[in-house]
Amino acid sequence: MSVNGLWYRVLEWGWLPLFVLLVAVSLLTRPLMPIDETRYLGVAWEMWHSGSWIVPLLNGEPYSHKPPLLFWLIHAGWAAFGVNEITPRLLGPLFAFGSLFLIRAVASRLFPERPIRAALAPWVLLGTIYWLGFATMVMFDQLVVFFVLLGVFGLLEVGRGRRRGWVWLFLGTAFGTLAKGPFALIYLVPLTVAAPWWAGVGLSWAWFVRAGLVGFLGSCVALLWALWAANLGGPEYAESILWGQMAGRAVNAFDHAQPIYYYLWVLPLLFLPWSLLLGRVHLVIARRSADGRHLIWLLIAWVGAPFLLLSLASGKLPHYLLPMIPALAVMVTVLLDDAIDSDRLLRLRSAALLWIGVGLALAVLPWISGHVLFEMLPGWVAGLGAAMMAMGGWLWRARRADRQVVALSTATVIGLLLGHLAMAPLRPAFDLQPFAVQIGEWQHAGRPIAFIGKYRDEFHFHGRLKRPVVVLGNEAAVRDFCAGSPKGLVVERWRGSVPAEAIASTRFRSKYDVAFPCSALMAAEGMP
């Protein structure tokens, strides 16, 4: 069965308006999400107003968890358009948009005689629920996905005898490590080492010397920043960025520790709904032996080796696997091409059941009592759940395989759109802006601000805070702060109803962030 004419143009470009629509709805319906998005905007703001362009800052202290590329990109947007929320929130979608183009370019070079695969590849990536969910977030992961894809594209260009491929590999390595440190190398090094078996480059010592040199020079970009920042940030910060972060996450995680088998069940979930269709992928690879050998080596280098390394590391988070998703998407395009070529329908019933189940869960959420967030959902949200269930029923119908791909990816976009609309009534539980603005006004008026617990820069960007928040760990610290700053304010993350003595509050998920004046706290303690 051939795919041509107008329908082929739909395959080539139909994903574009769907992606733009999702980005627009995301920007309109959800706020910056605490804790990650508000933290990264807070770090960028502190760097901006303090002029600390090399050393990231969190609450006035050097922030060692991430390199500066995302923050620099945020600064570039602010330099052009002023300090705002929109340009930082467009960065994730822009890099995700670039990844959709890059995966098409990668597929076209991997399978030059099968252009249908290049047309299908963006649809598969767009239709991956987890990847698409991260596409609108102000986080580092879409940057890494893009630069890993850029490195893969560069290796394929080198394999085609084009010297500019070395430039793309250098840029992918340089900016990938500047985006998330050595994490990007976990993907790019195995891909480069295995390139003679999947990218078409000649197997020789000269290849490994040249590739090693380009990789080393690319890594030196991030290393130069790290050495410069270490010199400016002091000994403790230097130890953390040059060794502590990597060793701490790999050997004895200070956070997010998980068992070695954690990713075995996480990866199939991250690749929904396509992981439901992979039962016969081994038969497809075996049938197309020439493609199969290259594809197997590509998967070993792009998925297998990083999967092993990340599984052996102590600290684990699901989004560490996001750069694998394009590799799996390429694999799925081979499966889909085989189905189209043989005029065979895909088995979409499992994917249909997935959306029917999600829709059913969404439909009943407004009627669940006993949880603050569920009780905030109005009854009309159940109608969105019913629409999602109807969409699942639509997927159940049989159609040609190429149209099934478009239907399944469109269902992912529509499902996330409905999810955004359904969660819009929960915005007050996640939008810290009004509260943070009030805190900023108090600080600008000269009132010291303190926070009980672990402060992660939640208020710095929205409130445009220019001084650190004092972090208090216990009641004695609260008494000392209020004794020294009687006009100060203490913010506490409060479970239960808001006390009468609070002068401001906002929901934080199922809790409240509550601001108490020190005068009220001192009176409660019987302090003069």
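On the surface of this predicted model, Val189, Val193, Trp197, Leu203, Trp205, Phe208, Ile296, Trp297 and Ile300 form a nonpolar patch whose accessible area together is about 910 Å². Three helices each supply at least two residues of the patch: helix 10 (185-193), helix 12 (205-233) and helix 16 (289-312). The largest share comes from helix 16, with 3 residues. Trp297 is a member of the patch that is found in helix 16. With a relative accessible area of 35%, Trp297 is classed as partly exposed, because the term exposed is kept for values over 50%.

Ala352 offers a view of the interior. This residue has its place in helix 18, which spans residues 349-364. Its relative accessible area is 0%, and Ala352 is therefore buried, the limit being under 20%. Leaving aside the neighbours within four places in sequence, Ala352 is in contact with Gly392, Leu395 and Trp396. Ala352 can also be placed relative to Pro273: the two residues are 79 residues apart in sequence, and their C-alpha atoms are 9.3 Å apart in space.

The path now leads to the strands towards higher residue numbers. Strand 7 (residues 511-517) is mostly covered, with 5 of its 7 residues buried. Strand 7 pairs with strand 5 (residues 489-494) in the antiparallel sense, over 6 bridges; within this arrangement, Pro517 in strand 7 is the bridge partner of Leu489. Strand 7 also pairs in the antiparallel sense with strand 6 (residues 504-508), here over 5 bridges. Lys511 in strand 7 is the bridge partner of Phe508. Strand 6 and strand 7 form a hairpin with 2 residues between them, and Arg509 in the turn has a positive phi of about 60°.

A side-chain interaction accompanies the pairing of strand 5 with strand 7. Asp513 and Arg493 meet in a salt bridge, with an N to O distance of 2.7 Å. This pair links distant parts of the chain, since Asp513 lies in strand 7 and Arg493 in strand 5, 20 residues apart. Both Asp513 and Arg493 are buried.

The count of salt bridges in the model comes to 14. Another of them joins Lys180 and Asp141, whose closest N and O atoms are 2.8 Å apart. Here too, distant parts of the chain are linked: Lys180 is in helix 9 (residues 164-180) and Asp141 is in helix 8 (residues 141-159), with their positions 39 residues apart in the numbering. Lys180 is buried, and Asp141 is buried as well.

A salt bridge within a single helix is provided by Arg39 and Asp36, whose side chains meet at 2.3 Å, N to O. Why are Arg39 and Asp36 separated by about one helical turn? The reason is that they are 3 residues apart in helix 3 (residues 36-50). The two partners fall into separate classes of burial. Arg39 is buried because its relative accessible area of 16% is under 20%. Asp36, at 27% relative accessibility, counts as partly exposed.

Salt bridges also occur as a network. Arg109, Glu157, Arg160, Arg162 and Arg164 are linked in this way.

Key: Residues are numbered from 1 along each chain as its sequence is written. This is a predicted model: local features need pLDDT of at least 70, side-chain atom pairs count only at pLDDT 80 or more; totals for chains, interfaces and linings use all residues. Side-chain values use heavy atoms; hydrogens and water are left out. Helices (H or I, at least four residues) and strands (E, at least two) are DSSP runs, numbered from the N terminus. Buried means under 20% relative accessible area, exposed over 50%, partly exposed in between (1.4 Å probe, protein chains only). Contact means heavy atoms within 4.5 Å. Patches are made of residues with over 30% relative accessible area and no salt bridge: like charges are joined within 9 Å, nonpolar side chains (Val, Leu, Ile, Met, Phe, Trp, Tyr) within 5 Å. Accessible areas come from the Shrake-Rupley method with a 1.4 Å probe; for residues, only the protein chains shown count as cover. A salt bridge is a side-chain nitrogen of Lys or Arg within 4 Å of a carboxyl oxygen of Asp or Glu. Two strands pair if DSSP finds at least two bridges between them.
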